Amino acid sequence: MLKLAEELKTNKISRYHLIYGDERYMVRYYKHSLMEKLSSPGDEMNCTIFQGNSVRESEIADVGQILPFMVSQRLIVVQDSGFFKSANDMADYLEDFPETTYVVFVEREVDKRNRLYKWIGKNGCVTECQTQSEAMLKQWIAGYLKKAGKSVSVRTVEYLIERTGTDMESLNNELDKLIGFTGERPVVEVSDIDAVCSGAVISKIFDMIDAVALGEKNRALRLYDDLLANKEQPMSVLYLFSRHINILLQIKELSAVGLNKNELAKRIGIPPFTVPKYGKQAGLFKRRQLIQMLEDRANYEESFKKGRLSDQLAVEMFLIQALTNS
C-alpha cells in the first residue's frame, strides 16, 4: 500500500506532500482526497491554491506563515510550479512554516535529484502515480462497477481495456457510460461496451500509426482531424502518439532478447493480451524510424512551447515528418 493511502486510511497525514506521475486520474484522486481531509469546501480563508510556474516561493511563504482561522490547519496546494525541476529555496521556507500549515505540491514531472524533492521525501510524503498494472486495473474496474451494483466477467474487463486503453481517466468515463446505459440490469456485457464505449482515441492512434507505417498521408491527417473534431487537444494527441511509439520500440528491442508475452507486458507496463497487436505493428517499422519519431516529437513540442508553432500545426508537421521518414 502506498504511504499516502495508509495516511488517508489512518488520518495520520504528513504536513508536506508531493503527488506526481503519468496516471493523472490517480494524481487528481489523491489531491482531492487530501483536500477533503485537510479543508472544507469553499473555505478560501484557510485553503489557498497556487497554479502555474509563475508563482514565487516568497508568495507561498507569506501564506504559509498565516495561522488558520477557527480551524485546526491551513492548507496550501501548489500545482505545476516547476519547483521540482529547477534550483530554488522552497525547502528553506517550508522549514519555517508553523505546524498548522500543510502543503500539497501537484506536479507532472520531477527530477528526483532536486533538493526540494529530497526534502519532502525526508520530511513528508512523496507519491508517484504510475500507470497501473493489468491486475490492478481489472480489480479497480470490477470494484467501480460493484459499487454501482454491477458485475462483470474477466473477459469483458479485458475487452474494455483493449478498446479504451489503460488511462484511468478514459476508463472512468467509459464506466460511467456503461453504468448509465445498463440501468437496472446487473451484468455488464461485451455488447454494452460496443454500444456505448467509443474507444475513439486509442483506436485512432493505432490507426494513425498504421497509416504512417504505410505512408498514407491523407489517412493519417484525416484521423488527426477526427480527433480534433472530438475535442482532443493537439498536445494530448502528440503525447499519446509518442507513448505508443515508445511501446513499439520497447516491444521491438525486448522481443529481440527473447522475452515472452507476459515478460514483455510486465516490463513495458501494458496488458499481456495487447502484446500481439503491438508486436504486429512494431514489425511495420525499423528501429531507426521509431527513434527518429521520438526525437522529432521532442523538437516539435519544443517549438510549440517556445511559441514558434501553434499546437495544432506542430502536430501536423510532426505527422508529415513521420510520413516522410516512413
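The legends below describe close-up views of strand E4 and its surroundings in a predicted model.

**View 1. Strand E4 and the burial of its residues.** Strand E4 covers residues 101–107 and is mostly covered, since seven of its seven residues are buried. Thr101, Val103, Phe105 and Glu107 point one way from the strand, whereas Tyr102, Val104 and Val106 point the other way, and the residues of both groups are buried.

**View 2. Strand E1 beside strand E4.** Strand E1, made up of residues 16–20, runs parallel to E4, and the two strands are joined by five bridges. Tyr20 can be used to find this pairing in the view, and its bridge partner in E4 is Glu107.

**View 3. Strand E3 beside strand E4, with the crossover that links them.** Strand E3, made up of residues 74–79, also runs parallel to E4, and six bridges join these two strands. Within this pairing, Gln79 stands opposite Val106 of E4. On the way from E3 to E4 the chain passes through helix H4, which spans residues 90–95, and the resulting β-α-β crossover is right-handed.

**View 4. Glu109 in the loop after strand E4.** Glu109 lies in the loop between E4 and helix H5, the helix formed by residues 115–123. The side chain of Glu109 is joined to the side chain of Lys85 by a polar contact of 2.8 Å. Glu109 and Arg222 are 113 residues apart along the chain, and their C-alpha atoms are separated by 32 Å in the model.

Technical notes:
Residues are numbered from 1 along each chain as its sequence is written. This is a predicted model: local features need pLDDT of at least 70, side-chain atom pairs count only at pLDDT 80 or more; totals for chains, interfaces and linings use all residues. Side-chain values use heavy atoms; hydrogens and water are left out. Buried means under 20% relative accessible area, exposed over 50%, partly exposed in between (1.4 Å probe, protein chains only). Helices (H or I, at least four residues) and strands (E, at least two) are DSSP runs, numbered from the N terminus. Two strands pair if DSSP finds at least two bridges between them. A crossover is right-handed if, with the strands pointing away from the viewer, the path from the first strand over the helix to the second runs clockwise. A polar contact is a pair of N or O atoms within 3.5 Å; within protein, one must be able to donate a hydrogen and the other to accept it, and residues adjacent in sequence count only if both atoms are side-chain atoms.
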